[in-house]
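Me: I'd like a close look at one loop in this protein, with enough about the rest of the chain to put that loop in context. Please keep it relaxed and spell out the cut-offs as you go.

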Amino acid sequence: MLKKIKGRSALLCSLAAVCAGACVLSVAGCSGTNAQTYNSSSLYMDAAASLSVTVDPSRTEEGYADKVRGEFDELVAESNEILGTLDKDLSTSLTSSELADLESTEDVTYCVYRFNQADPGDSVQIDYYTYDLLRIALEMYEKTDGYYNPAVYYNVIAYGFGEDGTYPEKAGDLPTEAEIEAYTDLAGHFGDVEIRKDEETGAYYATKPENTATVDGATLAMKIDLGGIGKGYATDIVSSLIDEYNARYPGDFKYGYFTFGSSSLAVKEYYGTDDGLYTISLTNPRVYGKNYAQFKGKNFVLSTSGDYEQYYRIDDVLYCHIINPKTGSPINTGSDDTGSSVVTVTLAGGLAVEDDAYTTALMAMGGEQALAYINENLPDLEYVMVTCSGGKYETETNMDSLRTVSRIKGELE
């Protein structure tokens, strides 16, 4: 019997309603201001993409707010066109209507799906966004020594974290060691994916490795899922668009933010404080409905990852949706005696697409290795990392403004 996967979003409420104060990004002192704010929220990649811009309260000239509204609508339309393209590009499964769309169009679209359906060694034409994402994914695979690996596709499915949202109820429903070994070996060839641009035609291509895996008599070719960095990639694009609009219409897009799903966001400045700083609240990974820490910042991107977003428990063993590419199994599984595990990690600064990959990799590394990796390789990023060893939680950070607002205790139910 299968049950629904448990989980909770790292965002406990919509960022379009930041005054509620229970989100990853919450704004102190929302009440008592009369500034006009424009919000837009759409659904892409099965996640809410929310854009908010506040009109500069000091600009009192007649018609100014309406002018910004028109510019905001332009920004939303341009952003949504890109997000819609990425949504199609990164889809790993298609509905019947999407399959009909794919069969009827001559456009280069549904790129990841077509790559996944290709035979070993085949080349597939892809668009620029997918080419760029694969380029970044290959770079991050190398930078993290394979701890970020979007080719653990079959491992994710085998442990029940597929799109149907169901998970194994008993140990007998879990994949066998032989199955996991086969899937993991295949995923280990992600670095053999080749991408290229045809300089004569300008077309982009991705070539699938020739390696295969045999499980239960079926021969499997590599499949990938770029969703783990897709939202960060989109966040970087929209953040850059906001900056472009602020340059085109000086000062009109100074105040605002963009958030995508439960893990990626970009903030500009907050109109309600003299220093323009937002207060960022981080979800308590063990106490539902609480935040465990807050820090302040402006004009940066942020990505976060945690073991509490999708998970289940069998025989007192926690299985979460993040796969350790080295073992092929969910992180922390059976690792109580191997040192501290990473419960959640947040990175601020740099590029959101890279932060997405880094946070996933750091979760898989485990506490000691993750902290050493941050100190050696990520000196320009701010971080907050919660680890657990023997039931004791520790918070590591280099953020001067971080303050604790609640204890992390207990286990996921």
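Reply: Here is the overall picture, then the loop, then some other spots along the chain.

Some ground rules to start with. This is a predicted model, where local features need pLDDT of at least 70 and side-chain atom pairs count only at pLDDT 80 or more, while totals for chains, interfaces and linings use all residues. Residues are numbered from 1 along each chain as its sequence is written, and side-chain values use heavy atoms, with hydrogens and water left out.

On confidence, the mean pLDDT (the predictor's confidence in each residue, from 0 to 100) is 89 for the protein, and 89% of its residues reach 70 or more. Residues 8–23 are a weak patch: pLDDT there is below 50, and the stretch has 49 contacts in the model beyond near neighbours in sequence. A contact here means heavy atoms within 4.5 Å. Residues 25–32 also have pLDDT below 50, with 24 contacts beyond near neighbours in sequence. Where pLDDT is low, the predicted coordinates should not be read in detail.

As for the fold, there are 9 helices and 21 strands. Those come from DSSP runs, numbered from the N terminus: helices are H or I with at least four residues, strands E with at least two. Of the 413 residues, 55% are buried, where buried means under 20% relative accessible area, exposed over 50% and partly exposed in between, with a 1.4 Å probe and protein chains only. Take the contacts between residues at least 6 apart in sequence, and 66% of them join residues at least 24 apart.

Now your loop, between β17 (317–320) and β18 (341–348), where S329 is found. N324 lies in that loop too. S329 counts as buried because its relative accessibility is 16%, and N324 is buried with a relative accessible area of 13%. The two touch: leaving aside neighbours within four places in sequence, N324 is in contact with S329, along with Y147, P330, I331 and A364. The contact list of S329, again without residues up to four places away, has N324 in it, plus Y159, I180, I322 and I323.

This loop also comes up in C-alpha distances to other parts of the chain. E177 and S329 are 152 residues apart in sequence, yet their C-alpha atoms are 9.6 Å apart in space. E177 belongs to helix α6 (residues 177–187), and at 75% relative accessibility it counts as exposed. For N324 the partner is L362: they are 38 residues apart along the chain, with 9.9 Å between the C-alpha atoms. At the end of β17, which covers 317–320, C320 counts as buried at 1% relative accessibility. C388 counts as buried as well, at 15%. The count of disulfides (pairs of cysteine sulfur atoms within 2.5 Å) comes to 0.

Two other loops have backbone angles to check. Most residues other than glycine have a negative phi. Y110, not a glycine, has a positive phi of about 50°; this tyrosine lies in the loop between α2 (96–104) and α3 (111–117) and is buried at 2% relative accessibility. N299 also has a positive phi, near 55°. N299 sits in the loop between β14 (291–297) and β15 (300–306), and at 48% it counts as partly exposed.

That second loop leads on to the aromatics. F295 and F300 form a tilted pair, 6.2 Å centre to centre with 45° between the planes. F295 is buried at 2%, and F300 is buried at 13%. Rings of Phe, Tyr and Trp (its six-membered ring) pair if their centres lie within 6.5 Å; planes under 30 degrees apart count as stacked, over 60 as edge-to-face and the rest as tilted. The structure holds 20 aromatic pairs. Y153 and Y154 make an edge-to-face one, because their centres are 5.6 Å apart and their planes at 85°; both tyrosines are buried. Y128, Y129, Y131, Y204 and Y233 form one aromatic cluster.

Lastly, two rings have a charge over them, meaning NZ of Lys or CZ of Arg within 6 Å of the ring centre and within 35 degrees of the ring normal. K208 puts its charged end over the ring of F115, 5.2 Å from the centre, and R248 does so over Y245 at 4.4 Å.
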